[in-house]
Amino acid sequence: MTFSLSTVRATRRSRAKPTLGTYFAVWAQRRSLAQMDVHRLKDMGISPVDAAAEVARPFWDLPSE
């Protein structure tokens, strides 16, 4: 497979920019995560340490996926 610079640039340009609603949704999800107890986190497969690290991220630091 061959890549050219124009293909890479086009891919970066076509990526959708986050909206204010996206930032608010991420903020709200992290606040909800902060409210969860250890048992609920365990049910979701998230360790308290991982949850604390996610909650500590600023709202503008969006997940890569």
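Rings of Phe, Tyr and Trp, the last taken by its six-membered ring, are treated as a pair here if their centres lie within 6.5 Å. By that yardstick, the structure, which is a predicted model, holds 3 aromatic pairs. One of them is the contact between Y23 and F59, an edge-to-face arrangement with 6.0 Å from centre to centre and 90° between the planes. This pair links distant parts of the chain, as Y23 sits in helix α2 and F59 in the segment after α4 (48-56), 36 residues apart. Neither ring is fully tucked away: Y23 is partly exposed at 24% relative accessibility, and F59 is partly exposed with a relative accessible area of 40%.

A tilted pair is formed by F24 and W27, with 5.6 Å centre to centre and 35° between the planes. The angle is why the label is tilted, since stacked planes would be under 30 degrees apart and edge-to-face planes over 60. Here the partners are local, being 3 residues apart in helix α2 and so separated by about one helical turn. F24 counts as exposed because its relative accessible area is 55%, and the cut-off for that class is over 50%. W27, at 40%, is partly exposed. On the cluster side, Y23 and F59 are joined by W60 in one aromatic cluster.

As for the overall layout, the chain has 4 helices and 0 strands, and its pattern along the sequence reads α-α-α-α. Helix α2 covers residues 20-35 and includes W27. Of the 65 residues in the chain, 9% count as buried. The accessible surface comes to about 5800 Å², and carbon and sulfur atoms account for 59% of that area. Contacts that span the sequence also feature: among those between residues at least 6 apart, 60% join residues at least 24 apart.

Some of the aromatic residues turn up again on the outside. F24, W27, F59 and W60 make up a nonpolar patch on the surface, and together they offer about 500 Å² of accessible area. The patch thus takes in both partners of the tilted pair, F24 and W27. It also holds F59 and W60, which belong to the aromatic cluster with Y23. Patch residues need over 30% relative accessible area, so Y23, at 24%, falls short of that cut-off.

Turning to charges, a search of the whole structure finds 3 salt bridges. R30 pairs with E54, and the closest N and O atoms are 2.9 Å apart. R30 lies in helix α2 and E54 in helix α4, so this bridge ties together parts that are 24 residues apart in sequence. The two partners fall into separate accessibility classes: R30 is buried at 3% relative accessibility, whereas E54 is partly exposed at 23%. The R30 label follows because buried means under 20% relative accessible area.

E54 has a further partner in R57, and their side chains meet in a salt bridge at 3.0 Å, N to O. R57 is partly exposed, with 25% relative accessibility. R57 in turn meets D61 in a salt bridge of 3.1 Å, N to O, and D61 is also partly exposed, its relative accessible area being 32%. Through these shared partners, R30, E54, R57 and D61 are joined into one network.

One last distance brings an aromatic residue of the patch together with a member of the charged network. The C-alpha atoms of W27 and R57 are 9.4 Å apart, although the two residues are separated by 30 positions along the chain. W27 belongs to helix α2, the helix that also carries R30 and Y23. Helix α2 thus contributes Y23 to the edge-to-face pair with F59, F24 and W27 to the tilted pair, and R30 to the salt bridge with E54.

Key: Residues numbered from 1 in each chain as written. Predicted model: local features only at pLDDT ≥ 70, side-chain atom pairs only at ≥ 80, totals over all residues. Heavy atoms only, no water. Patch = residues over 30% accessible without salt bridge, like charges linked within 9 Å, V, L, I, M, F, W, Y side chains within 5 Å. Areas by Shrake-Rupley, 256 points an atom, 1.4 Å probe, with all protein chains shown as cover. Salt bridge = Lys/Arg side-chain N within 4 Å of Asp/Glu carboxyl O. Helix = DSSP H or I, 4+ residues; strand = E, 2+ residues; numbered from the N terminus. Buried < 20%, exposed > 50% of the residue type's maximum accessible area, 1.4 Å probe, protein only. Contact = heavy atoms within 4.5 Å.
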